[in-house]
Protein chains: 2
Amino acid sequence: MQNNRNLLASLIQLLNGIQPISKELESALVNCFKIEDVKKGKVLLHEKDICKNLWFLCDGLLRSYHNIGDKEITSRIMYTGHIVISPGSFFTQTPATESIETLADCILAKLSFTDLQLIYTKFPEFNYQTRLITEQYFYKQEQRLYMLRKHDASAKYNFFLENYADYLKDIPQKYIASFLNIAPETLSRTRSKLAKK
Amino acid sequence: MQNNRNLLASLIQLLNGIQPISKELESALVNCFKIEDVKKGKVLLHEKDICKNLWFLCDGLLRSYHNIGDKEITSRIMYTGHIVISPGSFFTQTPATESIETLADCILAKLSFTDLQLIYTKFPEFNYQTRLITEQYFYKQEQRLYMLRKHDASAKYNFFLENYADYLKDIPQKYIASFLNIAPETLSRTRSKLAKK
DNA sequence: AAAATTTGTTGACAAATATCAACAGACCAC
DNA sequence: GTGGTCTGTTGATATTTGTCAACAAATTTT
């Protein structure tokens, strides 16, 4: 359990940064989160399953994706320190329209939807921190919407460089391409043009 | 004030639908919201100003927009019953990167950021309802991200028809086009092709 | 109601990106 | 390490959408 506390340190710090949480709430969180090591290439959540857990990504890299026709589209890329869910599915406990998989070996802290609801019941003040976190994610998402409306492929790729530079080497290019909504060949050409300048 | 209560009925109902609110909280909300009639074509929030208010759109139609280069991009379209803010600006009280304007005569209920914070302080349980509302908006936004990654213009326009059909006649086509990230001419052609079928 | 302005339509053309295909390089399994 | 599979690169071509321009239609202003 001491191990739990160490791995969850950055989550606790995130929460305390918003507003200090009580020792009781901290203990409840540390007790409810289960640590999991997951190897690269595993699917955490399958499309059509209900997202029954929230994960805190202690270390690693993930992506969510869904299919349109015969194409697979990467919708989000999530790295160390992120809270991971399939939003629509987790919030409403209905089947997911996307899958989530690991792009690297990951250490994850898993919290079930039911345990989270119990925590909310016992510690209603926790809604404050989670409201603010949801607001932050909301705003980040807004920026991704801006990105997708940028005119050309290089503007989109620059957005990616500004926001995900640290993970560039670890994310297969075809996933970056579909995240930016361009063909992998176009991304390859955009990159080589950029390298020449 | 009785008038206030009527106009805010659907907001109160929205909150009660999540979890019944106390009479005290209801009164505080009704007292803090100020009703405003705003004519079509007025700018509620100017880019670079801080979004100091949240609005509940009792009746009418709004859009948010920002400029990229010499182009104006419509980022959101909001109709009766929506809560309206510029997310990044309101949450963090920093200058907005977008403007918000009325597309029709509107009846708005305005709540200042500071009044909202006072309400949160006095009624911390209110965080519960607002967390859930933020989650709902978060999920809606995710769907708009899906839409922008749809391949062609007609798929994007169909998304619009599915989600904004009731407001189709009231929104100038050029705004719909930039919302869908296509040129107005392309939208015009897409529509005429669709009509022939 | 007429004039002026804005918005939407249509055509011709240009530009960007997608698609298809061949190949090279990286990565994985055995 | 070798063979096989998957990923990325590059070229040729097709398709889609954007751009520019002229005009029509609708809306606003006077």
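Which residues are the closest to DNA strand D, and how many surround it?

1. **Residues around the DNA.** This is a predicted model. In it, 15 residues surround DNA strand D. The closest are A:Q173 and A:S188 from chain A, with B:D152, B:A183 and B:T186 from chain B.

2. **Elements behind that surface.** Chain A supplies α8 (173-180) and α9 (184-196), and chain B supplies α9 (184-196); these are the elements that give two or more residues to the surface near DNA strand D. The most comes from α9(A), with six residues.

3. **Character of that surface.** The residues near DNA strand D divide into six charged, five nonpolar and four polar.

4. **The α6 pair.** Helix α6 (residues 126-148) of chain A meets helix α6 (residues 126-148) of chain B. Their axes come within 9 Å and cross at roughly 20°. Angles under 35 degrees count as roughly parallel, so α6(A) and α6(B) are roughly parallel to each other. The crossing of α6(A) past α6(B) is left-handed. Residues of this contact divide into ten nonpolar, eight polar and eight charged.

5. **Symmetry of the chains.** A turn of 180° with a shift of 0.0 Å along the axis lays chain A on chain B, at an RMSD of 0.0 Å. The relation is therefore that of a two-fold axis. In chain A, A:R131 has the C-alpha nearest the axis, 2.2 Å from it.

6. **Shared surface.** Both copies are served by the same surface. Of the contact residues of chain A, 100% recur in chain B.

Technical notes. Residues numbered from 1 in each chain as written. Chains lettered and ligands numbered in written order. Predicted model: local features only at pLDDT ≥ 70, side-chain atom pairs only at ≥ 80, totals over all residues. Near = placed C-beta within 6 Å. Helix = DSSP H or I, 4+ residues; strand = E, 2+ residues; numbered from the N terminus. Nonpolar A, V, L, I, M, F, W, Y, C, P; charged D, E, K, R; others polar. Axes fitted to C-alpha atoms, helices over the stretch in contact; angles between N-to-C directions. Parallel < 35°, antiparallel > 145°, perpendicular 65-115°, else oblique. Left-handed = near helix turned anticlockwise from the far one by under 90°. Least-squares fit on C-alpha atoms with pLDDT ≥ 70 in both. Contact = placed C-beta atoms within 7 Å.
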